Structures are given as C-alpha cells and as structure tokens.
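Q: Please take a close look at a single annotated position in this model and describe its surroundings. A comparison with the other chain would also be welcome.

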Amino acid sequence: MSAKMYRSADRMVAGVCAGLADHLGMRVGTVRAIMAGACFIFGAGLVFYAWLWILVPLAGDDAATGTRRLDDDGNPRLKLFRPAPTGDAGTGGIPPTRHAASRRRGASVGLKEILIGGALVVVAFLLFSARAGVNLNLGTVIPLAVIAAGAVLAWMQLDATRRVGLLNAAKMDTPWSIVRFAAGIVLVAAGVLIIVTGSGSWALVWASVVASLAVLAGVGLVLAPWALKFWRDFQGERAGRIRETQRAEIAAHLHDSVLQTLALIQKRADSPQDVSRLARAQERELRSWIYQDAGQDPGKLVAGIKAVCAEVEDLHGQPVELVTVGDAELGEAMRALVQATREAVLNGVRHGGTAVSVYVEASPSGVDVFVKDRGAGFDPAAVPADRLGVRESVVGRMQRNGGSAEIISSQEGTEVRLHLPALATHSPGPRSGTPTAEETK
Amino acid sequence: MTEAARPIRVVVVDDHAIFRSGLKADLAADIHVLAEAATVEEAIAAVAAHSPDVVLLDVHLPGGRGQGGREVIAGCAGLLAQVKFLALSVSDSAEDVVSVIRAGARGYVTKSISGAEISDAVRRVAGGDAVFSPRLAGFVLDAFGTAEVAVEDELDRLSARELEVMRLIARGYSYKEVAKALFISIKTVESHVSAVLRKLQLSSRHELTRWAADRRLL
C-alpha cells in the first residue's frame, strides 16, 4: 500500500486498476472485476476509470518532475566532492528517456480526452434539455455549436500557449491567465447567447440557466485535468532548467578558477613557493565557493579577518589557519582590530616563518583575536624603539580604539593577543588625536 | 612512547589512490598499514577482516548509500569498542566535521596535515584519546557557546576548564602547550578533550540541535 496513488507502469490499459490496487492494498484482479462490474451501472466504472486515467500520474512521473531531482542536483557543492547517491538505481528510478516518453504520451492523450469530454458534455447537455421538455430547435442548437466551437478554440489556444510557455519560462504565468480569461469570455458569451435566443419566457430562461451551469460544470470537469497536466509539465521543465543552469554555472566557475590555476601551476613548476601559493589561493577560493560558510557578509568582522588573512597568505605563500567563533558588525573600532590583526599575521609570517594560526572569538562582551606562530620568538621589549611595526600598528592601534594588545613570545613561538571590549565597538570614545603623537616620540 | 614496542595497525580508507600512497609514505615507522579501501563496502569489509587499531577514514567516499565515512562507521558499529576511527578530509565544513564525529569518529584532521602530525594523531587515537584540530575546537565552541555557565546537565554544557582547553586548541596550541599554559598534565588535557568529544557525540542539547539545524546538519 502506498500513500500517494500512481498509475502502475505494469499495466493492461492505463495502469489505473493496478495503481488503485496498490494504493488500497487490494488484489489487482479484484479491483479489475469491480471496475468492470461498475461499467454496467450506467457506465460509472467507465467514467471513474477515465477520470483516474486523466488525473493520476504515471508511476515515476512525479519523482522525475518533483523535488527529488532538485535535491540531488539542487546543491552544486554536494555534487563536487560527494559521489552521486547510487541508491537511485535501486529504488526503481526509471531512465529519463522513459519519463520523456510518458510525458509526451500524456500530452497527446490529453487533447484527445478533452475533445471526447467536450463532446460528452454537449451530448449530456442535449439529453438534459430534451428531458426538461425543451424542443431541440435551431435556437438552442446554434448556441450549443458556438459553445462547442469556442471551447475547442480555447483548448487549441491553451495548447499553443502552453508550448510557447514551455519554451519561454519567463512568460509562464501570463498565458495561463490569458487562457482563463478567454475561457471566462466564452462562458459568458455562451450564457448570454442562450438567454437572448430564448424568447423570454421564464421556463426557457430557467432551463437556460440550468444549461449554463451544466456547461460550467462540464468545462470545469474538462479543465481540471488539463490544468493539472499543465502544472506538472511546468514543474518538470523548471526543474530541468534549474539543473541545466547550475551545471553551466559550475562549469564556468571551474573553468575560470581551477583550470586557469592548474595551467599557471604547470608553468611555474620550477618554483615550489609559487606553486604552493597558487594552490593555496585556489583552494581558499574554491572552499569559499563550495561551502559558503559564514564570513560571506562583507559588513562583518569575520569576512574582514578572512580577507586580511588571505591577503597575507598570497603575499608570502605561508598558510594562515583561521578559526572563528561568532561574528560582529564591522564598526570603526572593528576595522582597526582587523588592521591590527593584519599586522600581527604579517609579522608572524615574516618573522615566524611558519604556518600562522588565527583564532577570532566574538561574544557579547567583546572580541578576542589570537595570532600564533611557531617561529623562534623575540623579546618585545628588546625591539628597537624605531621599529614601529608591532608597537604602533598593533599595540598603539588597539589602545587608541579602546582595546588592548599583548605579545607573548618564547622559544616555541609568538602569540599576539588582541582584545576589544564590546563598549569600544559601540562608542569609539576614548580616542583622540594626541596619543599618536606621544607614542611616536 | 611506551606503545612504540607494538606497531599500530591501521587501515587507510580513501578513494584517491595517490593520496593513499602519499599517506602511507608519510606515516611513521611504528604505524603499519594493513589494508587499503576505496569505497564504503571495501572499507567495511577491510575493517571486519583485519580489525585494526585505527581506521584513517576519508569523509567523502563513493559507494554505499552515498553517506561516505559516516556509513563506514555505522557499518562497523559492532567493532567500535576495539577499532578507533580518525576522520580525514579536505573539507572543513561544519556539516562534514560534526556529522562524522557524531557518527563515532574519535578525531578529525584535515588532509593538509604533515606526516609527523598525522602519525601523532594516529598514536593518540590508538591510545583511546580524542584528536581535535583547531577548526573542530572552533565548531565545538560555536555549538556549545563560549559563555562560562554553571554545569547543570553535564552532557549539555562545557565546564569552564573544558572551555579553556577548547579555546587554546582553537588558538593552535598543541596538547603539550595547552598543558603548560593551564599548569595541568597532558593526561588531564587528554581527559578534558575526551569528555568534550563524548558531549559532542551524546548531547541532545537544544542549542546543539538548533546549531546543527541552522547549518542543515540534521
């Protein structure tokens, strides 16, 4: 038993009975017998069968056009490094050609069904009027013919616009509303015709109103499956187009980035530093594209720190490992913090000569940045007074913005600790022009 | 190390043959590679056949149901007491890191790690400890929050000490440096890290769930 009903692919006529049996958890034979039996009760079985045939999708059709494809391919990053789920083959995935074929078949059957349905509606209408005691004179038959012709025209119109719509996605919504509008006009015109051609007696008007309602119901009946089919086709088309666009985007991106870099690397094969620098930059770029982690927002602290780390990495070809926890808005004081971080990282890369670890922790109470290298270390107090690198651009800058900086150096390496309390990020208050002058003395 | 007398037996699972051979060449002499595997099925079979001390496991693998490393760990669930998994990946997205740790891996390192470092990580995992990279420590801090709070449900919060250890690891400190900075022994550092790993694997904490949901890990 399945929750949603599908027409079975393993079928005699249209797979309705098999699908129904599967849906209700009954045996196929029983369902077929009941269906055949019901045909003798005023053809109820036949109508029911036709109705299901039109409305119920073929098994596999839904999977092809629905969300699953989007999930599989909707996420380009999953495709790149993750093998495609092989479960597809096992879970009864039908080859795409089959989907296409069944969809084509569906479309052609739809037109035929509509013509038959329209004819049936007309016949029913005629029978109904005959029974209601209306003489079938020209005055009634002509408007009927007009209705039929109008309906057929509307269907043709729908088919044409649908095709146009399928070809051109952007206009998908408008043809549909045009069709609805046209159908409305046909109905109104038909109703008016009937009322006008009737000679004004109340009995006739009454019969005409009933007839109009019957036509309305008939059109609704015919319209519903058609609309459903239209919608399904539209969904399938859209999924396919999204997939195609994504593939093209990925291809373009790989071409612009990875292939170019690989070509460059081959050219620079004799320079290990260039190669590692190129590879590292490419890796970083590809990562940010695939994973789209935090730090994409250019107005945030993490993005700023990322950018300066990348810049230093490119300049010196040394890896800079960045770990961030939390994020903060990039205010004026934060910008100073980012610049101080840049100096610290630059220093670590230049003098440490090893990989540099950067850790950023942003919490409501403030932001801490730690920059650690594993170089030989140095004595901050022993740095000559004329060397402004650390003293001015790291310590001085932090102090001017209400923060603090600390440099701990030992044989195992150097760590620069920057702290910016939350207060300072809101009001860069305790800042004036004078400290700069004092410190440079 | 006293363990050096007995070689550590490992199985290398990675779908890139070049990476496997590079890794084998990089591993120290006391680490003995028993077998290699390139797919989920091969990996489960190799682990069952050799019952190694440590499995070096790539997070992204072909085969199976497309779940990669997680599926291998799930497939070897019965052996988890003897076999330790060390996850290895080029990816450092939260999704990959946290999901493989929650599946049961004892550590996570990126593939850019040096030969000496990875040998060290293998020894550590074989000894029953956890291996945290700075990035994994960052994810832990992100998930559990960095505020020091009183410990109520032990599984749901990091103690102040564990927070300190995680912070130092995130800053790029080795276990030895962490021990030195906090004036504790390396063993104590290791036990703190193992406790954090256990919390990461077992906690059903509301915030962790939300954190994971935000990153579409669930």
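**Surroundings of B:D58**

A: In this predicted model, B:D58 touches B:V13, B:D14, B:D15, B:G69, B:L88 and B:S89, leaving aside residues up to four places away in sequence. The position carries an annotation: the unreviewed UniProt entry gives B:D58 as "modified residue: 4-aspartylphosphate". Within the secondary structure of chain B, B:D58 belongs to strand β3, which covers residues 54–58. As to its environment, B:D58 is classed as buried because 26 other C-beta atoms lie within 10 Å, and the cut-off for a buried residue is 20 or more. The annotated residue of the record is therefore a buried one in the model.

A position in chain A may be set beside this. A:A124 is located in helix α8, spanning residues 96–131 of chain A. A:A124 has 14 C-beta neighbours inside 10 Å, and so counts as partly exposed; this class lies between the limit for exposed residues, 12 or fewer, and that for buried residues, 20 or more. Along the chain, A:A124 and A:V215 are 91 residues apart, and 9.5 Å separates their C-alpha atoms.

The setting of A:A124 is as follows. Chain A contains 17 helices and five strands. Of the 441 residues in chain A, 27% are buried. Among contacts in chain A with a separation of 6 or more, 66% are between residues 24 or more positions apart.

How values were computed:
Residues are numbered from 1 along each chain as its sequence is written. Chains are lettered from A and ligands numbered from 1 in the order in which they are written. This is a predicted model: local features need pLDDT of at least 70, side-chain atom pairs count only at pLDDT 80 or more; totals for chains, interfaces and linings use all residues. UniProt positions are given in the numbering used here, feature names are shortened, and annotations may be inferred rather than shown by experiment. Helices (H or I, at least four residues) and strands (E, at least two) are DSSP runs, numbered from the N terminus. Two residues are in contact if their C-beta atoms, placed from the backbone, lie within 7 Å.
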